[in-house]
Amino acid sequence: MLVIMFPTVNRGYCLAFLSLSLLGLVGMHLDVTHGSPTEDEDYYLQEILNREHYYSLREAEEPYSEASVAAQPLEEERSKPSKKEVKAKKEKGKETDKAATNAKTVKSGNKKNEKNKKGNWKSPNGSQEGEVHYEAVKEVCPPMGLEALGIDDFQLHASTVKRYGLGAQRGRLNIQAGIYEDDFYDGAWCAGRKDLLQWFEVDARRLTKFTGVITQGRNSLWSSDWVKSYRVMVSNDSHTWVTIKDGLEDMIFPGNTEKEIPVLNEFPVAMVGRYIRINPRSWYETGSVCMRVEILGCPMPDPNNYYHRRNEITTTDKLDFKHHSYKEMRQLMKVVNEMCPNITRIYNIGKSHNGQKLYAIEISDNPGEHELGEPEFRYSAGAHGNEVLGRELLLLLMQFMCQEYLAGNLRIKHLVEETRIHLLPSMNPDGYDKAFEVGSELGGWSLGRWTEDGIDINHNFPDLNSILWEAEAKKLVPRKVPNHQIPIPEWYMYDNTTVAVETRAVIAWMEKIPFVLGGNLQGGELVVTYPYDMTRSQSKAQEQTPTPDDHVFSWLAFSYASTHRLMTDASRRVCHTEDFAKEDGTINGASWHTAAGSMNDFSYLHTNCFELSMHVGCDKFPHESELPEEWENNRESLLVFMEQVHRGIKGIIRDPQGRGIANAIISVEGINHDIQTAADGDYWRLLNPGEYKVTARAEGYSSSTKVCEVGYDMGATQCDFIMSRTNLSRIKEIMEKFGKQPINLPVRHPRRRAQQRRRQT
C-alpha cells in the first residue's frame with residue numbers, strides 16, 4: 001500500500017495538492033499542452049507548501065540564505081494580523097510597488113559611485129515582541145551575462161517553446177533575429193501557449209543574490225510580441241519557489257510597451273537562490289508570450305563551487321576598468337601623457353557635430369614626427385557611439401603600453417621604438433553621450449549608433465568601389481584610372497552633401513599620415529571582417545568580393561581572431577545568427593552583408609592603409625564589471641595585430657643624389673593593387689611570405705625592378721631602389737632652368753617624306 005506523507009499542513013491543503021496533481025496527470029495524458037509542460041504545477045505547490053517546507057530548508061542553510069530569508073519574513077514567527085493590519089500592509093505594499101518597481105530607463109554599470117539605497121520592511125505597528133523587523137540594504141548587482149555569453153544555453157529553461165528557433169536559448173537581451181520567419185535563430189524566447197502558466201528560467205549554477213530583471217520584446221521584422229507584466233520567483237532546487245511579494249500579494253512588475261526598448265525593474269530587496277524564474281502575467285493582445293531577458297545578480301561566495309572557479313577570468317593588470325565619460329576620457333589621456341611624456345602625445349583631428357574634439361593619442365619613441373622607415377599604425381573605435389567596448393579597450397591599451405614600457409617590457413618597447421602608433425578612442429562622441437546617459441544594458445540595440453545629425457559614420461565614406469569597377473569594365477585600369485589612390489569625387493566635397501563632420505575629419509587624418517595598417521573596433525559580434533565590404537553585383541546583398549590582396553587580408557584577420565579568447569572557439573554559442581567560429585572567426589565583409597562607402601574599402605582604395613574591422617564582443621555596451629574579462633579576451637589580439645605592420649617589404653626610393661622620391665609607385669607582379677611612397681620616399685608593402693617581383697616607377701625616372709623575398713620571421717624585408725632620371729626629364733629640367741619651355745616637335749615619318757618628294761619630282 002502506498003503511503004503519502006505530507007508536512008504539517010491541514011487537510012484542505014492536502015486535498016488541494018492531490019486535486020491539482022491529478023489534474024496535471026490527466027492533462028499530460030490527454031496531450032492538451034504544446035511544448036514541454038514541466039513544473040507548471042509548481043505555482044500551486046508553492047502557495048500550499050512553501051511556508052512550511054521552503055523556510056525549513058532555508059534555516060538549514062543559514063550561512064547562504066540570510067538575505068533571502070530577510071526578503072521573505074516567516075509567517076510562523078508572526079502573530080496572526082488583524083484586518084486593520086492587513087489593510088495597512090496592502091496600502092504600504094501599493095506605495096512600495098509604485099516607488100520601487102516603476103520601469104527604469106536610466107541606469108547602471110557606469111554609475112559606479114551611486115549610493116546604496118535602503119529598503120525597510122516592518123510590521124504595521126512597528127517593532128514589537130513576536131514580530132519580525134529587519135532592514136535590508138538595496139543594492140544593484142551587475143548583469144549575469146545572458147547577452148555577453150556569461151550564461152550558457154544549458155542554463156536557460158522554459159515551460160514551453162513555440163519552436164526551436166524561439167527556444168529558451170534565444171531569450172537573451174538584445175539578441176537579433178534572422179531576416180526570415182521560422183529562422184533557426186530567431187529573436188526571443190516565445191512560449192508554446194498563451195496562458196499564465198508559462199515561465200522563463202535561469203540556472204545560475206550557484207547561490208546568487210538577485211536584484212533585478214531587464215526585459216525586451218521579440219526582435220522581428222514581421223511580428224509584434226512582448227510581455228506587458230510579469231512576476232518573479234526564486235528557488236534553491238527548481239521545485240519549491242518563493243515569489244517576490246508586494247505586501248501579502250505577489251508583486252507584479254511592469255513589462256514592455258513595445259519590443260525593442262529595454263525596461264529595468266529592480267527588486268525591493270535582494271533575493272538569494274540558485275534559480276530565478278519569470279512568469280508573464282499579461283502580453284501584447286495580438287501577439288505571443290515572447291521576451292528577451294537579462295538578470296542582475298551577484299554570485300555568493302562559495303570556494304567549493306568548482307564550476308565557477310574553473311570558468312573564472314581574472315586580470316593582473318592594474319588599469320582603470322570603468323566606462324569613461326567624454327571628460328573622464330580626456331582626463332585619462334592626460335594622466336597617461338603625464339606618466340609617459342617621452343613616448344606619448346595628445347592631439348585632435350577635428351570636432352564632432354556638437355563641437356566635441358576628436359582626441360587621439362600617439363605612442364612612439366619620437367612623438368610628433370614621422371621617422372624615416374618607421375611604419376604608422378592606427379586603431380580607431382566608436383564610429384557607432386553605442387558600441388563602447390572598443391572605446392574602453394583603446395583606453396585600456398594606452399594605459400597598458402605606458403605601464404609596460406616603464407616596466408621595461410621588451411615586447412612593448414620594441415613596438416614603441418619601431419612603430420608610430422595612433423589611438424582614436426571615440427570617433428562619435430555625440431552618439432556615445434546618448435548611450436552613456438542611459439547606461440549599460442538599457443540603450444537597446446541602436447541608441448547612440450548614429451551621429452547627432454543621424455549619420456552612420458561607418459557607411460559615410462566615398463564609394464570608390466563603383467568608380468574602380470566601372471573603369472575596370474571599360475578596361476581603363478590602369479591606363480586612365482589607377483588601381484590605387486583613387487581620388488574622391490568632387491560632388492562628395494560639396495557643402496550640401498550628406499557627410500558627417502566626423503567623417504570629414506577622419507578622412508583628413510587618413511590623408512595626412514601615411515598609415516600602413518589599421519583596425520576599427522566595433523561591437524555586437526565576435527568576428528573580424530576585411531575588404532571588400534561592398535558586393536560587386538548590385539543586386540546581391542551577400543557575395544564573396546575579394547580584393548587583389550585577399551590572401552594578405554585573410555592572414556591579417558586571422559592574426560587577430562586566432563589570438564582572441566573566444567572568436568575561434570568552436571564550443572561557444574553564436575552571438576546572434578551567424579556561427580563565425582566555423583570560419584576561424586573571420587569573414588569577407590561583402591559575404592556577410594554589403595555596405596557601400598565603408599571605412600575599410602575607402603582606406604584600401606584611397607590610401608596605402610589596409611583597414612579591417614574587429615567586432616570585439618556580443619554585448620555592445622557591457623557592464624563595467626565585465627571589462628576586465630573583455631580586456632583579457634582582446635589584449636593579446638590587440639598587440640599581435642599591431643605587430644603585423646612589420647610584415648612584408650619596406651624600403652626607400654631615392655634618386656642618385658640620395659634624395660627621397662615622393663609619390664613613387666610600388667607594383668608587385670601578380671597583385672593588381674599598387675601603393676605610393678610617402679613624402680620622404682619611404683614605403684611599406686604588406687605581403688605574406690614568398691618571393692615577389694617588385695617594380696618602382698615615378699614620373700621623370702626610369703623604372704627599376706628587383707626580386708624581394710619575404711620570410712616567415714617577424715620583420716619586414718628591406719627592399720630599396722635608386723632611380724635615375726630619364727633623358728627627357730633631364731632636357732625639361734635644363735630648359736626650365738633657363739626659363740624656356742621644351743618644344744614638343746611633331747613625330748617625323750620617313751616614308752611619308754619620301755612619298756612627298758616623289759610627288760614633287
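User: Which residues form one aromatic cluster?

Analyst: The aromatic cluster consists of Trp 469, Tyr 532, Phe 553, Tyr 604 and Phe 610. This is a predicted model, in which local features need pLDDT of at least 70 and side-chain atom pairs count only at pLDDT 80 or more, while totals for chains, interfaces and linings use all residues. Residues are numbered from 1 along each chain as its sequence is written, and side-chain values use heavy atoms, with hydrogens and water left out.

User: What makes two rings an aromatic pair, and how many pairs are there?

Analyst: Rings of Phe, Tyr and Trp (its six-membered ring) pair if their centres lie within 6.5 Å; planes under 30 degrees apart are stacked, over 60 edge-to-face, and the rest tilted. By this rule there are 23 aromatic pairs. The centres of Phe 377 and Tyr 379 are 4.8 Å apart and their planes stand at 85°, so this pair is edge-to-face.

User: Why is the pair of Trp 555 and Phe 558 called tilted?

Analyst: The ring centres of Trp 555 and Phe 558 are 6.3 Å apart, and the planes meet at 50°, so the pair is tilted. Both residues belong to helix α12, where being three residues apart separates them by about one helical turn. Helices (H or I, at least four residues) and strands (E, at least two) are DSSP runs, numbered from the N terminus.

User: How do you know whether Phe 377, Tyr 379, Trp 555 and Phe 558 are buried or exposed?

Analyst: Buried means under 20% relative accessible area, exposed over 50%, and partly exposed in between (1.4 Å probe, protein chains only). Phe 377 has a value of 0%, so it is buried. Tyr 379, also with 0%, is therefore buried. Trp 555 has 32% and is partly exposed. Phe 558, at 31%, likewise counts as partly exposed.

User: Why is the link between Cys 340 and Cys 402 called a disulfide?

Analyst: A disulfide is a pair of cysteine sulfur atoms within 2.5 Å. The sulfur atoms of Cys 340 and Cys 402 are 1.9 Å apart, and the two residues form a disulfide. The link joins distant parts of the chain, 62 residues apart: Cys 340 lies in the loop between α6 (326-339) and β13 (344-351), and Cys 402 lies in helix α7 (residues 389-406). Both cysteines, Cys 340 and Cys 402, are buried. In total, the structure holds five disulfides.

User: What makes one disulfide right-handed and another left-handed?

Analyst: The torsion about the S-S bond of Cys 340 and Cys 402 is about 90°, so that disulfide is right-handed. For Cys 575 and Cys 618 the torsion is about -60°, so that disulfide is left-handed. Their sulfur atoms are 1.8 Å apart, and both Cys 575 and Cys 618 are buried.

User: How do you know that Cys 708 and Cys 719 are buried?

Analyst: Cys 708 has 4% relative accessibility, so it counts as buried. Cys 719 has 2%, so it counts as buried too. These two cysteines form a disulfide, with their sulfur atoms 1.8 Å apart.

User: What makes Arg 378 count as a charge over the ring of Trp 509?

Analyst: A charge sits over a ring if NZ of Lys or CZ of Arg is within 6 Å of the ring centre and within 35 degrees of the ring normal. Arg 378 lies over the face of Trp 509, at 6.0 Å from the ring centre. Similarly, the charged end of Arg 504 sits over the ring of Tyr 492, 5.9 Å from its centre.
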